[in-house]
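These are my notebook entries on the empty spaces in one structure. I set out to look up its pockets and cavities, and then one residue in particular.

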Amino acid sequence: MAHIQSEQPTNATTPVIVHHLSDSRSQRILWLLEELEVPYEIKRYERQDNHMAPRELRAVHPLGKSPVITAGSITVAESGAIVAYLIEKHGKPVQLSEEGRRQDTYFSHYAEGSLLPILVQKLMYTIIPSQTPFYLRPLAWLFCGGLLSSVVNPQLKTHSQYIESHIASMHGGWFAGGAEPTSADYMMAFGLEAMVAFDTDKTIVGPASRKYVEKVHARPAYKRALERGGEYAYA
């Protein structure tokens, strides 16, 4: 759900506050802000033992999720809405072909609509057995392991091959084919980072996708975002 709350417009001097949850999608927002050279502040939140966001985030947005940004009286939730808002308000025009604009729109939505749900499933089926009572853990491992091997991992492989094919065909090196990252890259980078982290035996993520993640991590703006955001498992 894209959600923007506003009582009055902000101006260019209104500070952006990123409500930043550890090891979360909000890292992509820090990277974007660094690329846009927009001043911002960070309010940090740590995950609970069950890996969920703390209740304090509900004071910022009713769903209690991250990322969320606030700027004066404006509150913007959901990664896609935040990326679109910041690029529209602070971004510079990027020269893209008609096909590039289409790819930018598509992958901006694909990231959360198709790829991330599968990665969340993989994460949850990996975590559930460790959160299960000890005497039920063998059954939990059997059940979750079966779902991972028969359902989740094959889907992830299919998506990985699809992404690999697109990245290998990109002329400008970025998802929309331009010379600089666009909305699609800020949205896709988090999922690709997670895929590389999950793929410890290197059987799912292809070489072009791995090089893409390395290229993102080499960006000076990404490095600055990482320094400001603190420890981040997927980097």
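I began with the lining of the second largest pocket, sorted by class: I found 14 nonpolar, nine polar and nine charged residues. The model I am reading is a predicted one. For the volume of the second largest pocket I noted about 870 Å³. I then looked up which residues lie closest to the centre of this pocket, and from the 32 that line it I wrote down I87, P181, T182, S183 and Y186. I next asked which elements give two or more residues to the lining, and I listed helix 1, helix 2 (79-90), helix 3 and helix 5. Helix 2 gives the most, with seven residues.

I turned to the largest pocket, for which I recorded a volume of about 1000 Å³. Its lining is made up of 38 residues, and I entered L21, R25, R47, H51 and M52 as those nearest the centre. Which element gives the most to this lining? I found that helix 3 does, with eight residues. Helix 3 spans 98-131, and helix 5 likewise supplies at least two residues of the lining of the largest pocket. By class, I noted 20 nonpolar, ten polar and eight charged residues in the lining of this pocket.

I then looked up the cavities. By the rule applied here, I have two cavities of 30 Å³ or more on record. I followed up the second largest cavity, and its volume is about 40 Å³. I listed the residues that line it as Q27, R28, W31, A189, F190, E193, Y222 and Y232. Where in the fold do these come from? I found that helix 1 (26-36) and helix 5 (183-198) each supply at least two residues of this lining. Sorted by class, the lining of the second largest cavity holds five nonpolar residues, one polar residue and two charged residues.

My last entry concerns P207, which I located in helix 6, residues 207-218. Is P207 buried or exposed? I recorded P207 as exposed, because its relative accessible area is 56% and the cut-off for exposed is over 50%. I also looked up the distance from P207 to E164: the two are 43 residues apart in sequence, and their C-alpha atoms are 7.9 Å apart in space.

Terms used: Residues numbered from 1 in each chain as written. Predicted model: local features only at pLDDT ≥ 70, side-chain atom pairs only at ≥ 80, totals over all residues. Heavy atoms only, no water. 1 Å grid on protein atoms, 1.4 Å probe; cavity = no way out; pocket = protein on both sides within 12 Å on 5 of 7 lines; lining within 4 Å. Points joined across faces, edges and corners; volume = space filled by probe spheres on them. Helix = DSSP H or I, 4+ residues; strand = E, 2+ residues; numbered from the N terminus. Nonpolar A, V, L, I, M, F, W, Y, C, P; charged D, E, K, R; others polar. Buried < 20%, exposed > 50% of the residue type's maximum accessible area, 1.4 Å probe, protein only.
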